Amino acid sequence: MKLSARNQFKGKIIDIQEGAVNGIVKIDICGGNVMSATISMNAIRELGLKVGGEAYAVVKATSVMVGVDE
């Protein structure tokens, strides 16, 4: 599979929080850095995602916001 997104981080699935429609998948991408994504439960099942398995966190963003405390 080839993607246009350049920010691709391979890691280990450390948690899946299942909901009625969506789930939150957490991926440790190295050194304790964790990325999470909310995806449909159908996608979780179709991709065969399991805690301990490997997956890619793929980021494709057109903008990034930065904030600071007041």
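**Exercise 1. The nonpolar core**

Task: In this predicted model, determine which residues make up the largest nonpolar core, and which elements give two or more residues to this core.

Solution. Step 1: The largest nonpolar core has 9 residues in all. Its members are I13, I16, V25, I27, M41, I44, L49, A55 and A57.
Step 2: Two or more residues of this core come from each of β1 (7-18), β2, α1 and β4.
Step 3: Consider I44, one of the core members. Leaving aside residues up to four places away in sequence, I44 touches I16, G23, V25, I39 and L49.
Step 4: For the protein as a whole, 17% of the 70 residues count as buried.

**Exercise 2. The overall plan**

Task: State how many helices and strands the protein has, and what pattern it follows along the sequence.

Solution. Step 1: The secondary structure consists of 1 helix and 4 strands.
Step 2: Read along the sequence, these elements follow the pattern β-β-β-α-β.
Step 3: The C-alpha trace spans about 40 × 30 × 25 Å along its principal axes.
Step 4: Among contacts between residues at least 6 apart in sequence, 43% join residues at least 24 apart.

**Exercise 3. The largest pocket**

Task: Establish how much space lies in the largest pocket, and which element gives the largest share of its lining.

Solution. Step 1: The largest pocket holds about 350 Å³ of space. It is lined by 15 residues, of which I27, A37, Y56, A57 and V58 are the closest to its centre.
Step 2: At least two lining residues come from each of β2 (22-30), β3 (33-40) and β4 (54-59). The largest share is that of β4, with 6 residues.
Step 3: Sorted by class, the lining comprises 13 nonpolar, 1 polar and 1 charged residues.
Step 4: Two residues link this exercise to the first one. I27 and A57 belong to the largest nonpolar core, and both are among the residues closest to the centre of the pocket.

**Exercise 4. An unusual backbone angle**

Task: Describe the phi of C30 and decide whether C30 is buried or exposed.

Solution. Step 1: C30 is placed in strand β2.
Step 2: Most residues other than glycine have a negative phi.
Step 3: C30 has a positive phi of about 140 degrees, although it is not a glycine.
Step 4: The cut-off for an exposed residue is over 50% relative accessible area. C30 counts as exposed because its relative accessible area is 54%.

**Exercise 5. Two exposed residues**

Task: Locate S36 and E46, and find what distance separates their C-alpha atoms.

Solution. Step 1: S36 lies in strand β3, whereas E46 lies in helix α1.
Step 2: S36 counts as exposed because its relative accessibility is 53%. E46 is likewise exposed, since its relative accessibility is 70%.
Step 3: S36 and E46 are 10 residues apart along the chain, and their C-alpha atoms are separated by 18 Å.
Step 4: E46 and N22 are 24 residues apart along the chain, and 13 Å separates their C-alpha atoms.
Step 5: Not counting residues up to four places away in sequence, S36 touches I24, V25 and K26. Of these, V25 is also a member of the largest nonpolar core.

**Exercise 6. Confidence**

Task: Report the mean pLDDT of the protein and identify in which element confidence is highest.

Solution. Step 1: The mean pLDDT is 93, and 100% of the residues reach 70 or more.
Step 2: Confidence is highest in helix α1 (residues 41-47), at 97, and lowest in β4, at a mean of 94.

Note on methods: Residues numbered from 1 in each chain as written. Predicted model: local features only at pLDDT ≥ 70, side-chain atom pairs only at ≥ 80, totals over all residues. Heavy atoms only, no water. 1 Å grid on protein atoms, 1.4 Å probe; cavity = no way out; pocket = protein on both sides within 12 Å on 5 of 7 lines; lining within 4 Å. Points joined across faces, edges and corners; volume = space filled by probe spheres on them. Nonpolar A, V, L, I, M, F, W, Y, C, P; charged D, E, K, R; others polar. pLDDT = per-residue confidence, 0-100. Core = buried A, V, L, I, M, F, W, Y, C linked by side-chain atoms within 4.5 Å. Buried < 20%, exposed > 50% of the residue type's maximum accessible area, 1.4 Å probe, protein only. Contact = heavy atoms within 4.5 Å.
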